[in-house]
Amino acid sequence: MVHINAGIAGYGWCALLIASGSGYGKELMAPHSLTMTMIGASLLWVGWFGFNAGSNPKPTARRARHDQLLVATAAAAMSWMFAEWIVKGHPSVLGALSGAVAGLVAVTPAAGYSGPMGAIVLGLVVGVVCLFFCTVVKMRRL
């Protein structure tokens, strides 16, 4: 599922680079339904617990723990929200959800190695970095 999503995102990025006059960057392209976005992100967050914990079937010390996944995702959502609040003047639910998804992706490779404080720092950093890339770098045309 993750690899298919990454491939589709690559195709979408190529389409954005090739397309001209689509209105991207000029007009608002908000999600169709913020309620459905919230439901989808919530289901993804809950489902990620099983995905992450099932990555290592052996009960070892490096097994991904749920507390690391929870705090990294929450920290990423909060840091995206507060950074958006500082930059744009108002926070948004869509921003917090985007930060949560970024936190899920960032903590997955490190979940067996980082402690709770490391997961919080990882979430705080990834929220701000992903906001920067989604607002500044994405708007630049090659």
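## Aromatic pairs and a nonpolar patch

Trp85 has 42% relative accessibility, so it counts as partly exposed (buried is under 20% relative accessible area, exposed over 50%, partly exposed in between, with a 1.4 Å probe and protein chains only). This is a predicted model: local features need pLDDT of at least 70, side-chain atom pairs count only at pLDDT 80 or more, and totals for chains, interfaces and linings use all residues. Residues are numbered from 1 along each chain as its sequence is written, and side-chain values use heavy atoms, leaving out hydrogens and water.

Trp85 shares helix H3 (residues 66-88) with Phe82, three residues away, about one turn of the helix. Helices are DSSP runs (H or I) of at least four residues, numbered from the N terminus.

A search of the whole structure gives two aromatic pairs. Rings of Phe, Tyr and Trp (its six-membered ring) pair if their centres lie within 6.5 Å; planes under 30 degrees apart are stacked, over 60 edge-to-face, the rest tilted.

| Pair | Centres | Planes | Type |
|---|---|---|---|
| Phe82 and Trp85 | 5.9 Å | 10 degrees | stacked |
| Phe132 and Phe133 | 5.6 Å | 85 degrees | edge-to-face |

Phe82 is partly exposed at 38%. Phe132 has a relative accessible area of 41% and is partly exposed. Phe133, at 46%, is partly exposed too.

Phe132 and Phe133 also join Val121, Val125, Val129 and Val136 in a nonpolar surface patch, with about 500 Å² of accessible area together. Patch residues have over 30% relative accessible area and no salt bridge; nonpolar side chains (Val, Leu, Ile, Met, Phe, Trp, Tyr) are joined within 5 Å, like charges within 9 Å. A salt bridge puts a side-chain nitrogen of Lys or Arg within 4 Å of a carboxyl oxygen of Asp or Glu. Accessible areas come from the Shrake-Rupley method with a 1.4 Å probe; for residues, only the protein chains shown count as cover. Val125 lies in helix H5 (residues 116-137) and is partly exposed at 48%.

Key:
Helices (H or I, at least four residues) and strands (E, at least two) are DSSP runs, numbered from the N terminus.
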